[in-house]
Amino acid sequence: ARKRDGKNGLQIFDTGMLDTARERHEIEQCIEAGLKEDWFEAWLQPIVSLADGRIIGFEALVRLDHPEKGLMPPGKIIGIAEETGTISRIGDRVLEKAIRHLAAISALDGTQDTYLAVNFSPLQFELTLAHRLAALLLKHHISPRRIVIEITEAVLMLDNPEVHAVLKQLSEFGCRIALDDFGTGYSSLSYLNRFPVDIVKIDQSFTRSLNSNAADVRRKSRMLIKGIRTISHQMGCTVVAEGIETEDQWQLLRKLGVDNGQGYLFSRPMPVDGMLAMLESESEAKASNQG
Ligand code: C2E
Ligand code: MG
Ligand code: MG
Ligand code: MG
């Protein structure tokens, strides 16, 4: 394909650009169809206490399960959905399903102990959010204390008064706020001061660099994690490490004073049916060990 360029006459289009435009259009169509046909699901990944591996909560992770194309990961969807604005409707679906899943887990284990962490994009902080969330929680008999709102620095960087107001409402309502992917953005530390943050999630790149081939990198990443942990605790925040894939990483992070963690070592994200089955077989194993 060619187009005229003002200065240089003909300019050849990059076919890669065309592919990107086509793929983008395809994804937009999948999103629209997914909303209409109800293909969006909230998968769950356990968050565990690093002291004993006990499950303390679950993170909801969106999956678009397309009947022909299969599973589409968030990385393909979220960015486009944020640009086109469909993220608000996707977010509503995920929130509603995830809360329903948490209620199902509570019905299974008979406790109200675990929490549910849900990821939010900047556009989702509409003034009606706290009210809508309250209605959902009431419907499923879930306390707001069990909800964690995960945001990234991108949300706080907007410096939008409406976003601040909604975050404050959610916090006063009893929900906890987690700062996701901590350490990868800009001026992270000041946010701990200016916003009602309860949980700091150390980005998985830090966990990964604990395994670096270079001793120097390993030593520095240990120091960084310890530093983040110290500051977070002093600010009254709980610390979660992301991306734990090995036993070594688990033990090291525990020794570095990190409270909680999540990662493939403990469990991959999975649909609620799989999660309920896993929890059930774990509690049966525990019962037979005791009996
Ligand atoms: P995140 O919130 O930081 O979520 C953690 C990501 O790490 C998830 O990727 C999860 O599957 C992955 N992960 C968990 N344990 C491990 C591990 O041990 N190793 C590795 N390599 N990866 C691990 P996922 O599900 O692809 O989500 C990617 C990102 O998309 C999320 O990062 C979050 O920023 C965004 N996202 C996911 N669901 C939603 C949603 O419902 N709404 C919004 N707005 N964003 C979402
Ligand atoms: Mg997250
Ligand atoms: Mg993260
Ligand atoms: Mg992330």
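Let me start with Glu242, which counts as buried at 8% relative accessibility, and please keep in mind throughout that what we are looking at is a predicted model. Glu242 matters for this talk as a metal ligand: the magnesium ion (ligand 3) is coordinated by Asp180 (OD), by Asp181 (OD), and by Glu242, which is listed twice through OE, with distances of 2.0 to 2.3 Å. If you read these donors along the chain, they follow the spacing D-D-x60-E, and the pair of Asp180 and Glu242 links distant parts of the chain, since Asp180 sits in strand S8 (residues 176-182) while Glu242 sits in the loop between strand S10 (238-241) and helix H10 (247-255), 62 residues apart.

Asp180, for its part, is also buried, with a relative accessible area of 7%, whereas its neighbour in the donor list, Asp181, is partly exposed, with a relative accessible area of 27%. Asp181 is likewise found in strand S8, and its backbone deserves a look, in that Asp181 has a positive phi of about 50° although it is not a glycine. As a reminder, most residues other than glycine have a negative phi.

Now to the other metal. Which protein donors does the magnesium ion (ligand 2) have? They are Glu59 (OE), Asn119 (OD1), Glu150 (OE) and Asp180 (OD), and they lie 2.0 to 2.2 Å from the ion. In sequence, these donor residues are spaced E-x59-N-x30-E-x29-D, and here again a pair ties together distant parts of the chain, with Glu59 in strand S4 (residues 55-66) and Asp180 in strand S8, 121 residues apart. Both members of that pair, Glu59 and Asp180, are buried.

You will have noticed that Asp180 appears in both sites. Asp180 coordinates both the magnesium ion (ligand 2) and the magnesium ion (ligand 3), and the two ions are 4.2 Å apart.

Let me turn from the metals to a piece of helix packing. Helix H4 (residues 129-139) and helix H6 (residues 161-173) pack at an angle of about 30°, with their axes 9 Å apart, which makes H4 roughly parallel to H6. On the H4 side the contact is made by Leu129, Ala130, Leu133, Ala134 and Leu137, and on the H6 side by Val166, Gln169, Leu170 and Phe173. Sorted by class, this contact of H4 with H6 has 8 nonpolar residues, 1 polar residue and no charged ones.

In the loop between H4 and strand S7 (147-151) we find His141, another non-glycine residue with a positive phi, in this case near 55°. His141 counts as exposed, at 66% relative accessibility.

Finally, the cysteines. How many disulfides does a search of the whole structure find? The search finds 0. For Cys175 there is a plain geometric reason, because its sulfur is 16 Å from the closest cysteine sulfur, which belongs to Cys237, and that is too far for a bond, given that a disulfide would need the two sulfur atoms within 2.5 Å. The argument holds from the other end as well, since the closest cysteine sulfur to that of Cys237 is the one in Cys175, at 16 Å. As for their surroundings, Cys175 counts as buried at 2% relative accessibility, and Cys237 counts as buried at 3%.

How values were computed
Residues are numbered from 1 along each chain as its sequence is written. Chains are lettered from A and ligands numbered from 1 in the order in which they are written. This is a predicted model: local features need pLDDT of at least 70, side-chain atom pairs count only at pLDDT 80 or more; totals for chains, interfaces and linings use all residues. Side-chain values use heavy atoms; hydrogens and water are left out. Buried means under 20% relative accessible area, exposed over 50%, partly exposed in between (1.4 Å probe, protein chains only). Donors are N, O and S atoms within 2.8 Å of the metal (3.2 Å for Na, K and Ca); water is not among the atoms, so sites may look incomplete. Helices (H or I, at least four residues) and strands (E, at least two) are DSSP runs, numbered from the N terminus. Axes are lines fitted to C-alpha atoms, for helices over the stretch in contact, and angles run from 0 to 180 degrees between N-to-C directions. Angles under 35 degrees count as roughly parallel, over 145 as roughly antiparallel, 65 to 115 as roughly perpendicular and the rest as oblique. Contact means heavy atoms within 4.5 Å. Ala, Val, Leu, Ile, Met, Phe, Trp, Tyr, Cys and Pro count as nonpolar, Asp, Glu, Lys and Arg as charged, and the others, Gly among them, as polar.
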